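Load the model in your viewer and keep the selection box handy. We'll hop from stop to stop, and at each one you'll get something to select and a note on what is there.

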Amino acid sequence: MTQQVDVLICGSGSAGLCAATWLARYGVRAKVLEQRSGPMKNGQADGVQCRTVEVFESFGLSEDMLREAYHVLEVNFWSKDGKGGIRRTSRTADIPPGLSHQPHVILNQARLNALLIEAMHRFNDQDIDYGYTVQSVHVDSDNAKDSKSYPVTIVAEKGGLEEQFRAKYVLGCDGAHSIVRKSLGFKMVGDSSDAVWGVMDVYPNTNFPDIRKKAILHSDAGSLMIIPREGGSLVRFYIELSQGVVAKNVKLEDLQEQACRIFKPYTMDIKETAWWSAYAIGQRRADLFTKDYRVFLTGDACHTHSPKAGQGMNVSLQDGYNIGWKLGAVLTGQAGPELLETYILERKKVAIDLIEFDRYFTQLFSSKYREENGITEEHFSEQFSKALRYTAGLTAKYDDSIITSSKSSVPEVAKNLTVGMRFPSTQVIRFCDARPMQLVRSLPADGRWRVIFFAGDTQTYDAARRLQKLSEYLEDLVHTFNVPSSDIDSFIEPIIVLAGKRTKIEQEELPEYFWPVTGKWQMRDLHKVYVDDEAYNLSHGQAYKFYGVDKDHGAMIIVRPDQHISKIIKAEDLEAIGTFFKAFALPGKSRSSLVSSSQL
């Protein structure tokens, strides 16, 4: 028998699970096929960049992650001391201040996957089908033109028996040796180098002073990078191996001996090795990322590179974060299938940038390259520090599309925000309970769009009048896109950031649209209004300055469900909101209901 599914996800790695979590959040059930017999127990990826922590925060998963993880706060640089040993030459903050409200942490991929699986169960009782090996994927291109069709045929094997599936959409999240990619005839383009590195997770007994800090060592024997792991004792070493070494011939003893040579004059007694490997550095990406906009490649299935910059798991997961909400929006009728074209526009550019960055970054670590090009230790540490914004995952800027409009935006009203980039966070006061909190906490990953309105001081006539006009306009507009009988904020949620003294403002002075009756019990939602003010014993009140917004004139920011900025608008340009949404969003009468906001 052939099973029919809306979305079939091949692989339960970072990309597949993140996409499945989004779909579960939308109330869409996906079929997730995984070759392993059960959940991942020990993953090799461990670096969790700031943006990935923000993604987990959007799903309500960051607290457990931050409690269990190692927090990377400082990077130390060590170089040759001229006597055959090494000395510390400089140090820097791992993340420059102000880039993100979340830290860079280290946590095993298996634990990250477990957090996503828990969220899938909580959101929509979503399961994973283990023990399946995908054999082939075929798209009926003619049938694919019908948006209601199931044009993708997938053949998978379990326990010696073949099963066949028909799907509307398929995600190839099955890694660097992707069967999905090979079935479609797509190729990996790029190159590999002769450079070979080893990696091992070890329990070291050493007198090296920075063993519990991220550190980069350049010695007469080669280069090494230290990544402390969670738990207090485990450490990861990335080790440069000699020219001419073949990865498949490397033995554990080779890595241990090379590490000891690099650490001299410090002693290094490796008590136990939990895991190790050796690899040749290469950078490749798929020539195509989709087939008829019905099958999409994500993660290692469409881009591979070296692991030293800690981008693999993170970029893969963010591929899933990008395609997941878009599939959810299409399958629940928020938007038409053309929304899925933006996945290729946005994530292919990210993949190309990643390959170029990784090529440059790995060259910096090569002893041969530094020697041939006169790269000094000062230049290395300077370039490494400059790359921290990229390695934090905070440089992705999406080009214009039906959901991203920089050309018609007015950037001068919010000088520190950029259309296409993720909405950064700073601290504000929630009006209803005087709680200091990050503004991005008002933008959870629940499928809703946000219009963030910097209203200014509503004690003044002009600001109060702008707020009243916005409430009247949005209250009328949202009925176009809302499903009948759904909450008024089920598709577009307003978020208000006020200026002025919080204690001089009363709730009833604000239009009721900004504290509507919603949810299971039809109670007032008081959690949409924030104030740029100081809390007790906490000095901040700098949100308008942080975002570059003038308090007298205000601004409006349209933010996508994935927290990227779609449009920056003048506070009084209400018609621009409707123009933006009407370009892609479908009428509410024709679509199914989203997950209720009361289930957050």
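Two strands pair if DSSP finds at least two bridges between them. Helices (H or I, at least four residues) and strands (E, at least two) are DSSP runs, numbered from the N terminus. Before you click, note that this is a predicted model, where local features need pLDDT of at least 70, side-chain atom pairs count only at pLDDT 80 or more, and totals for chains, interfaces and linings use all residues. Residues are numbered from 1 along each chain as its sequence is written, and side-chain values use heavy atoms, with hydrogens and water left out.

**Stop 1: a hairpin**

Select 427-430 and 435-438. These are strands β20 and β21, which run antiparallel and are joined by four bridges. Which residue of β21 is the bridge partner of Gln 427? Look for Gln 438. Further along, Ile 429 stands opposite Pro 436 in β21. The two strands make a hairpin with four residues between them, and in the turn Ala 434 has a positive phi of about 60°.

Now add 529-531. That is strand β26, which pairs with β20 in the antiparallel sense over two bridges. On this side, Ile 429 has Val 531 of β26 as its bridge partner.

**Stop 2: a three-stranded sheet**

Select 47-48, 70-72 and 104-106. You're looking at an open sheet with the strand order β3-β7-β4 and antiparallel pairing. β3 (47-48) and β4 (70-72) are the edge strands, each pairing on one side only. Three bridges hold β4 to β7 (residues 104-106), and one partnership to click on is Val 72 with His 104 of β7.

**Stop 3: Arg 229**

Go to Arg 229, in the loop between β14 (222-228) and β15 (235-240). Is this arginine buried or exposed? Arg 229 is buried, at a relative accessible area of 1% (buried means under 20%, exposed over 50%, partly exposed in between, using a 1.4 Å probe and protein chains only). Show side chains and you'll find that of Arg 229 in a polar contact with the side chain of Asp 201, at 2.9 Å. A polar contact is a pair of N or O atoms within 3.5 Å; within protein, one must be able to donate a hydrogen and the other to accept it, and residues adjacent in sequence count only if both atoms are side-chain atoms. Not counting residues up to four places away in sequence, Arg 229 also touches others, including Asp 46, Tyr 70, Ile 106 and Arg 212 (contact means heavy atoms within 4.5 Å).

**Stop 4: aromatic rings**

Rings of Phe, Tyr and Trp (its six-membered ring) pair if their centres lie within 6.5 Å; planes under 30 degrees apart count as stacked, over 60 as edge-to-face and the rest as tilted. The structure holds 34 such aromatic pairs. Select Phe 59 and Tyr 321: their ring centres are 5.7 Å apart and their planes sit at 85°, so the pair is edge-to-face. Phe 59 is in the loop between α2 (50-58) and α3 (62-68) while Tyr 321 is in helix α8 (residues 312-331), so the pair ties together parts 262 residues apart in sequence. Both residues are buried.

Next, try Phe 580 and Phe 581, another edge-to-face pair, with 5.1 Å between centres and 80° between planes. These two are also buried. Ring pairs link them with Trp 325, Trp 449, Phe 481, Phe 491 and Phe 584 into a cluster.

**Stop 5: Val 451 and the core**

Select Val 451 in strand β22 (residues 449-456). Val 451 is buried, with a relative accessible area of 1%. Leaving aside neighbours within four places in sequence, its contacts include Ile 492, Met 556, Ile 577 and Phe 581.

A nonpolar core is a set of buried Ala, Val, Leu, Ile, Met, Phe, Trp, Tyr and Cys residues joined through side-chain atoms within 4.5 Å. Which residues of the largest one touch the most other members? Of its 110 residues, the answer is Ile 9, Ile 577 and Phe 581. Apart from that core lies another, of 27 residues, among them Val 72, Ile 227, Val 315 and Phe 365.
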